[in-house]
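Hi,

Here is the structure I promised to pass on. Have a look at it first, and then read my notes underneath.

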Amino acid sequence: MPSSPDRKKVLAFGRVPAFRRYELFMERYRSAAALIEAHLDLHPGSRILDVGAGHGLMKRFFGQNTGSWWGIEPWKERAERCRRLGYEIVDLDLDQSSLPFPDGHFDVVIGSHVIEHLEDSGAAVRDMGRVTKPGGLLMIATPTKPPLLAGVVQIYHRRRRSKSGDTQNAFTARSLRKHLVSNLGPDWDLLDCRGFRVLSARRQLPLENYRWFYRANLALARALPWMVPEVNVLLQKPIDS
């Protein structure tokens, strides 16, 4: 039977409490974890940095013994939840401070739904790249919009006075890739860029309880990348950097 739309009664992808079994809101975490683990053998000695760790959902989609986790999370309630999940948490405003880690410190750096909130997203991308180990992985995820709409929304963000934490930037999947390459340099290897939902149903309808609906969304997202509302981009730092 479908779960109640206002209570989390099931485990999305068998990992976290959710409204639906294949909840597409959670797919950005599931797919990010799957991509990273497919490209890098994580082990207990690995170091992972989750920038904008939120409620720690990213960690819950990884396998056991993937290493030590650090998180950047300024919201106290969320930070405490991450600590309970095993994160070492740092309270930091990325618009005001650099990451307090040495160069090449982490095997994996994840910035999921972070850079769109930053006044200088390029500086944050460069800093995340700096602390990534040569040969390590950087995963960046943001909401995306169709090309013409993204341009209009970007002008709106630039003209209004945004508060810290508000959305500051609008990306398309293509402009996000260009933004990352221009700030990290052409030697970084872009391993994957994918969206994963087009027709979200979440609470309103029980469609996300069905695997066929989930798979249809993945197929549509591959066929119509300009239609997806968010993407994950995975890059690898050059070995000789």
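Below is what turned up on the pockets and on one helix.

First, some ground rules: this is a predicted model, where local features need pLDDT of at least 70, side-chain atom pairs count only at pLDDT 80 or more, and totals for chains, interfaces and linings use all residues. Residues are numbered from 1 along each chain as its sequence is written, and side-chain values use heavy atoms, with hydrogens and water left out.

On to the pockets. A pocket here is an open set of points on a 1 Å grid over the protein atoms alone, where a 1.4 Å probe fits, with protein on both sides within 12 Å along at least five of seven lines; lining residues have an atom within 4 Å of a point. The largest pocket holds about 950 Å³ of space, counted as what probe spheres set on the points fill. Its lining has 34 residues, with Gly52, Gly54, Glu73, Arg78 and His113 nearest the centre. Helix α2 (57-60) gives the most to that lining, three residues.

The second largest pocket has about 210 Å³ of space, and its lining includes Arg15, Trp69 and Leu85.

Then there's helix α4, residues 121-130 (helices are DSSP runs of H or I, at least four residues, and strands are runs of E, at least two, numbered from the N terminus). Seven of its 10 residues are buried, meaning under 20% relative accessible area (1.4 Å probe, protein chains only). Among them are Val125 and Met128. The buried residues of α4 pack against strands β3, β6 and β7 and helix α6, with contact meaning heavy atoms within 4.5 Å.

Cheers

How values were computed. Buried means under 20% relative accessible area, exposed over 50%, partly exposed in between (1.4 Å probe, protein chains only).
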